[in-house]
Each structure stands twice: as structure tokens, then as C-alpha cells.
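The following exercises concern aromatic pairs, charges and burial in a protein model. Each task is followed by a solution in steps.

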Amino acid sequence: MRLGPRPVVLVLLLLCAAVAGAGKAEELHYPQGEHRADYDREALLGVQEDVDEYVKLGHEEQQKRLQSIIKKIDSDSDGFLTESELSQWIQMSFKHYAMQEAKQQFVEYDKNNDGTVTWDEYNIQMYDRVIDFDEITALDDAEEESFRQDKKRFERANQDSGPGLSLEEFIAFEHPEEVDYMTEFVIQEALEEHDKNGDGYVSLEEFLGDYRRDPTANEDPEWILVEKDRFVNDYDKDNDGRLDPQELLSWVVPNNQGIAQEEALHLIDEMDLNGDKKLSKEEILENQDLFLTSEATDYGRQLHDDYFYHDEL
């Protein structure tokens with residue numbers, strides 16, 4: 001299932017399209033299994049102008065903004081950050097930056113600045129030309145042929161059937177997982193790709209795709225064992241050996257909740273000095289560098305975004 005190109009700046013990449021690249025990033029992030037905190041900051045502050053901006057922020061201002069963020073994460077105002085509060089904050093951060101990026105893309109794609117993005121404008125942004133295809137004839141170029149599905153998603157996002165997408169519709173097009181009226185389309189698109197026998201479900205065999213065990217091998221390769229485990233333990237909630245539409249949705253839409261929870265638990269494990277399974281302001285300030293190289297502050301990015309540290313959030 002192809003939900004369109006996405007910049008690799010955010011964690012919210014639909015369907016984790018760059019699995020191989022993610023594996024390489026994992027090696028850099030956790031060499032020999034050890035967490036390398038400065039990798040996170042390098043990932044964010046890789047270009048010189050961003051590094052310079054970070055350096056310009058003095059220690060006193062860093063402390064002020066960080067304490068403001070801590071106060072906002074503490075939703076019940078009890079002076080401690082729990083795993084739940086950290087996880088919810090990180091999920092909110094994911095969504096905020098996904099929406100901000102979509103808004104920036106909207107401006108780039110709206111070539112004539114009329115407040116809408118037409119299908120032709122989207123084509124030109126992606127391919128420097130308008131791809132001409134009908135509903136039947138397949139294109140020779142596989143990448144361009146896969147673009148056909150983007151058009152279906154574009155048309156579904158266009159609620160008012162106008163000549164182009166408004167900003168809200170463009171966000172639905174870029175991030176259908178965030179918009180209720182796109183849910184059915186996401187499920188149907190996944191079924192069209194994976195439900196080979198047309199029964200409305202995805203079996204384990206369909207889930208694994210074209211994989212067939214090497215007849216000379218005694219067992220499946222490691223990656224297949226991992227995928228089978230995910231199918232059984234993560235997605236097939238009713239244990240009937242197949243994924244129904246709602247279970248399918250949990251597979252094809254990234255589980256940001258799981259990512260956020262994992263990061264929250266990691267922070268508490270590393271920073272909780274008294275073993276009470278939550279973080280005080282003092283514990284966070286004691287481990288400020290770790291907190292600023294985590295997803296809780298989007299690797300320090302939130303200190304430069306008044307959406308997060310401003311009092312009115």
C-alpha cells in the first residue's frame with residue numbers, strides 16, 4: 001500500500017516505507033546495543049544553521065523553556081511526569097509536527113497561490129509534469145503506475161469535489177490516518193493490495209506477501225519469524241488467524257502510541273533516581289542532556305517552537 005512520498009524528518013512516516021533505512025538508523029542509534037544519545041541531537045541539528053540556532057539559546061533561556069515544557073507535560077499538576085503523561089505528550093508532538101510539515105508542503109505545492117492544490121499541481125511538484133493515465137491502461141514505469149493510487153486518495157480527500165484540495169483536505173490526503181473520513185479508504189486500499197482471495201480479510205500468508213520457504217531450509221529466516229510474531233501477537237487480536245478491517249488498520253497505520261510509550265519508559269528507566277517510576281522536575285534537570293536528546297522534546301526542537309513552551313498551550 002503506497003500512501004505517497006514523505007520527507008524523512010518525522011517519525012510519523014506512514015507504513016514505515018524505509019524499513020531498510022530504519023534498520024541502519026537503529027544501528028547508529030544503538031551501536032552494540034548501547035543507546036547513543038548524541039545521535040538524536042545530530043539527527044535534528046544536522047545542518048549548520050540549526051546547530052548555530054541551538055548554540056545561541058543561552059543556558060538560562062534553555063532552563064526557562066524546558067521548565068515550561070515540563071509543566072505542560074504534567075497534566076495533573078502533581079509535580080511528577082508519569083509514563084502516561086510523557087507518552088501522551090510525545091504523541092501530541094508527533095501529530096503537531098506532521099501537521100506543520102503538511103502545511104509547509106501545501107504552500108510549496110500550491111503553484112498559483114490560490115489557496116488550493118490541484119491534481120496537476122501535485123503532479124508537477126512530484127514529477128515535474130502531469131502524468132496522463134486512464135483507468136485501464138497500465139503505465140510502463142512502475143513508480144508512475146503506483147502513482148495511480150495517489151490519485152484515488154486525492155479524490156477521496158476532496159470532500160467538496162472542488163477543483164483542488166483546501167489545506168484541511170490536503171492534510172487528509174497526506175495524513176489519512178489523522179482524519180476520520182479517510183479511515184475507510186485506508187482500509188480498502190490495504191485490502192486491495194493484500195487480500196488476494198477477496199474474502200475481506202488478510203491471512204498470514206497474504207500478510208507475508210510473496211514469501212515462500214526455501215525447500216532446502218530447515219526453518220524460516222529470522223525476519224519471517226519476526227513478522228509471524230507481529231501478526232499473531234500484535235495484530236490478530238481475536239486470534240482467528242486473519243486480520244479483519246479494524247485489525248488491518250492497526251497494521252497499516254503506524255502505531256505512534258507504541259513508539260511514544262517505549263520512549264517514555266526509556267526516559268523513566270534512565271532518569272528515575274529514586275525508583276518511584278515517575279520523574280520529578282529535579283530529576284529531569286539533573287539529566288537535562290538526556291531529556292533534550294529524546295522524543296519528549298523532539299530532540300530539543302521544542303525549545304525553539306513556542307507552540308510547546310509558550311504559556312498559552
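**Exercise 1. Determine what percentage of the residues of the protein count as buried, and describe its overall make-up.**

Solution. The model is a predicted one. Of its 313 residues, 41% count as buried. The exposed area of the protein is about 17,700 Å², of which carbon and sulfur atoms supply 48%. Its secondary structure consists of 16 helices and four strands. For contacts between residues at least 6 apart in sequence, 59% join residues at least 24 apart.

**Exercise 2. Classify the aromatic pair of Tyr122 and Phe173, and state which parts of the chain the pair ties together.**

Solution. Step one is the geometry. A pair of aromatic rings is described by the distance of the centres and the angle of the planes. The count for this model is twelve aromatic pairs. For Tyr122 and Phe173, the centres are 5.0 Å apart and the planes meet at 85°. Planes over 60 degrees apart count as edge-to-face, so the pair of Tyr122 and Phe173 is edge-to-face.

Step two is the location. Tyr122 belongs to helix α6 (residues 119-127) and Phe173 to helix α8 (residues 167-174), so the pair ties together parts 51 residues apart in sequence. Both Tyr122 and Phe173 are buried.

Step three is the wider setting. Ring pairs link Tyr122 and Phe173 into a cluster that also includes Phe106, Tyr109, Trp119, Phe154 and Phe170.

**Exercise 3. Identify the partners of Arg153, and decide whether Arg153 is buried or exposed.**

Solution. First, the ring: the charged end of Arg153 sits over the ring of Phe173, 4.3 Å from its centre. Second, the acid: Arg153 forms a salt bridge with Asp150, with 3.2 Å between the closest N and O atoms. The two residues lie three residues apart in helix α7 (residues 142-157), about one turn of the helix. Third, the burial: the cut-off for buried is under 20% relative accessible area. Arg153 has 0% relative accessibility and therefore counts as buried. Asp150, also with 0%, is buried.

**Exercise 4. Compare the burial of the two partners in the salt bridge of Lys228 with Asp220.**

Solution. The structure holds five salt bridges. In the one between Lys228 and Asp220, the closest N and O atoms are 2.6 Å apart. Lys228, at 27% relative accessibility, counts as partly exposed. Asp220 has a relative accessible area of 7% and is therefore buried.

Key: Residues numbered from 1 in each chain as written. Predicted model: local features only at pLDDT ≥ 70, side-chain atom pairs only at ≥ 80, totals over all residues. Heavy atoms only, no water. Phe/Tyr/Trp six-rings, centres within 6.5 Å; stacked < 30°, edge-to-face > 60°. Buried < 20%, exposed > 50% of the residue type's maximum accessible area, 1.4 Å probe, protein only. Lys NZ or Arg CZ within 6 Å of the ring centre and 35° of its normal. Contact = heavy atoms within 4.5 Å. Areas by Shrake-Rupley, 256 points an atom, 1.4 Å probe, with all protein chains shown as cover. Salt bridge = Lys/Arg side-chain N within 4 Å of Asp/Glu carboxyl O.
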